[in-house]
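Visitor: I would like to learn how to read a model of this kind. Where should a reader begin?

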Amino acid sequence: TADSTDDTESFWTESMAGFRTIWAHRDLRMVSGVYCLQTMVAGASLVFGVEMAVQMTSFGAPGIGYLDSVMGVGALLGGLVAIGRASADRLASDFGVGVVFWALPLLLAAIWPQMWAAFLALFIIGVANPVVDVNATTIIQRSADDAVMGRVFGALETALIASMALGSIAMPLLNHTIGLRWSLAIFAVVSGDPNADTGNDL
């Protein structure tokens with residue numbers, strides 16, 4: 001019926017409003033795009049963390065827990081860093097630095113596939129993760145109009161979940177095809193986007 005068609009169109013219009021807002025706003029588009037790339041690598045980390053434990057440490061499979069613990073310690077430190085930097089008004093720059101420090105550790109592990117590199121890489125990624133999350137979320141809150149804030153975050157969360165799923169699917173395929181070291185290098189390039197800084201410190 002006409003009413004059901006109108007309801008469907010209205011639902012679709014409302015659902016896509018957040019995506020349209022992000023696409024139309026330069027800072028939102030840039031931050032969301034880079035954030036999705038970083039989240040793709042986060043999805044891949046669910047797989048490459050296991051492979052790093054098995055291939056790069058002397059612990060084998062139990063090394064997964066040790067690597068996760070080191071990453072967790074790094075995240076605690078990164079949270080303190082993010083809080084300490086909250087009043088510096090350098091959101092875009094800090095966001096860019098956080099993204100870069102998701103990339104560099106992967107290159108480190110790809111070049112030196114040894115146990116110390118695996119632990120150091122995941123510790124640094126742990127530190128970088130809350131720095132990226134806190135600054136990205138704050139930039140989006142400051143950039144989006146209040147009237148569309150909920151839609152923007154809804155669209156962003158949808159995109160982030162899809163990106164994480166894509167990373168978790170791509171990593172085992174790449175690892176099987178080209179091996180761990182080249183897979184890490186590829187994801188380092190993906191996450192280390194040179195345009196991570198929006199150009200405006202908000």
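**Reading the fold**

Guide: Begin with the order of elements: along its sequence this predicted model follows the pattern α-α-α-α-α-α-α. The chain has seven helices and zero strands.

Visitor: What share of the 202 residues counts as buried?

Guide: Of the 202 residues, 42% are buried. Among contacts between residues at least 6 apart in sequence, 80% join residues at least 24 apart.

Visitor: How far apart are the end C-alpha atoms of helix α7?

Guide: They are 16 Å apart, which agrees with the 16 Å expected for the 12 residues of α7 (180-191) at 1.5 Å a residue.

Visitor: Which residues of α7 are buried?

Guide: An α-helix has 3.6 residues a turn, so residues three or four places apart point the same way. In α7 the buried residues are L180, S183, L184, A185, F187, A188 and S191. Their cover includes α2 (26-56), α4 (91-111) and α6 (149-178).

Visitor: How many salt bridges does the structure hold?

Guide: Side chains of opposite charge can pair when their charged atoms come close. Here there are two salt bridges. One joins R85 and D94, at 2.9 Å from N to O. The other joins D27 and R26, with the closest N and O atoms 3.2 Å apart.

Visitor: Is D94 buried or exposed?

Guide: D94 is buried, at 10% relative accessible area, while its partner R85 is partly exposed at 36%. In the other pair, D27 is buried at 8% and R26 is partly exposed at 45%.

Terms used:
Residues are numbered from 1 along each chain as its sequence is written. This is a predicted model: local features need pLDDT of at least 70, side-chain atom pairs count only at pLDDT 80 or more; totals for chains, interfaces and linings use all residues. Side-chain values use heavy atoms; hydrogens and water are left out. Helices (H or I, at least four residues) and strands (E, at least two) are DSSP runs, numbered from the N terminus. The expected span of a helix is 1.5 Å times one less than its number of residues. Buried means under 20% relative accessible area, exposed over 50%, partly exposed in between (1.4 Å probe, protein chains only). Contact means heavy atoms within 4.5 Å. A salt bridge is a side-chain nitrogen of Lys or Arg within 4 Å of a carboxyl oxygen of Asp or Glu.
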